[in-house]
Amino acid sequence: MKKLKIGLLQISPCDSLDGNLKKGLDFCKKAKKLGCDIALFPEMWSNGYRIYDRPVEVWKSEAVSQDSDFVREFGNAARDLSMAIGITLLEKHEDNPRNSIVLFDRFGKKQFTYSKVHTCDFDVERNLTPGEDFYVATINTACGEVKVGAMICYDREFPESARILMLKGAELILVPNACPMEINRLSQLRGRAYENMLAIATCNYPKDVPDCNGASSVFDGMAYLPDEQESRDTCILQADEKEGIFLDLDKLRQYRESEVHGNAYRHPEKYLLLCDTKTEYPFVREDYRG
């Protein structure tokens, strides 16, 4: 079976919406030439996540609708290229915009719009409206059908994000990102993939974007393989400037049928405390960006 190929578009933004549209479409075409089945953008590509260095009212005015020409052009590209595209944007939403990803399948059909649930409310992202739920869609690729979900950057730090996506059937989680991917954040992604037996593909901005460092990654979630005696590192890619990777879904599905993680031995009736209203934390960090 052909292996699923994901293009992680680890690219620097331009200074305008039109510039990001043109550059984004150009890189989607390059991803297709590399044989990619899915192209994923870093977080908030429509304005390059430029919300930290400018007045709030300025960047809020740059929000675009999920039905805007900007987003529709990527839907058209998905159809024309026969390649799924996860395009990210500062999405217009009532008073405060959202940090969103729109996933188009290879026929140009919108599968879902996911908005970041865990916004960084201790910082400038307090001016965003959080999303309400997590979504999974089955998309058709040249490799067959794949169950895909999404979370965004800081969502990674909450085990519940990936766990809910796993329970909804996700085999692959797409993660747009805009922050330094250091060892602890990479360890979180490794843990989310391992404990849920799914693949996680993260696309970050390169190091020439402020407070970012590239290191886009893919964890395939398979700690053990039948022909290997020891456990293995589930990281199959940690990029510098790379934009294309392979992911073997057949092996992942066989692994999920035989291993003990994910939903196999959960006891949800004993986790009721997780559903309680959150308690006050003893500290709040003002200098964290996730």
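**Exercise 1. Identify which residues are linked with Glu43 in a network of salt bridges, and place a salt bridge within helix H3.**

Solution. Glu43, Lys116 and Glu125 are linked in a network of salt bridges, where a salt bridge is a side-chain nitrogen of Lys or Arg within 4 Å of a carboxyl oxygen of Asp or Glu. The model is a predicted one, in which local features need pLDDT of at least 70 and side-chain atom pairs count only at pLDDT 80 or more, while totals for chains, interfaces and linings use all residues. Residues are numbered from 1 along each chain as its sequence is written, and side-chain values use heavy atoms, with hydrogens and water left out.

In total, the structure holds 16 salt bridges. One of them joins the side chains of arginine 72 and aspartate 69 at 2.4 Å, N to O. Because these two residues stand three apart in helix H3 (residues 69-81), about one helical turn separates arginine 72 from aspartate 69; helices (H or I, at least four residues) and strands (E, at least two) are DSSP runs, numbered from the N terminus. Arginine 72 is partly exposed at 44% relative accessibility, whereas aspartate 69, at 53%, is exposed, given that buried means under 20% relative accessible area, exposed over 50% and partly exposed in between (1.4 Å probe, protein chains only).

**Exercise 2. Determine which parts of the chain the salt bridge between lysine 168 and aspartate 133 ties together.**

Solution. The side chains of lysine 168 and aspartate 133 meet at 3.1 Å, N to O. Lysine 168 lies in the loop between H4 and S8, and aspartate 133 in the loop between strand S5 (110-115) and strand S6 (136-141), so the pair ties together parts that are 35 residues apart in sequence. Lysine 168 is partly exposed at 40% relative accessibility, and aspartate 133 is partly exposed at 31%.

**Exercise 3. Describe how strand S8 is covered and which strands it pairs with.**

Solution. Begin with burial: five of the five residues of S8 (residues 172-176) are buried, with Leu172, Leu174 and Pro176 on one side and Ile173 and Val175 on the other.

Turn next to pairing, for which DSSP must find at least two bridges between two strands. Strand S7 (residues 144-150) runs parallel to S8 and is joined to it by three bridges, and five bridges join S8 to the parallel strand S9 (residues 199-203). Leucine 174 is the bridge partner of alanine 150, and the bridge partner of leucine 174 in S9 is alanine 201.
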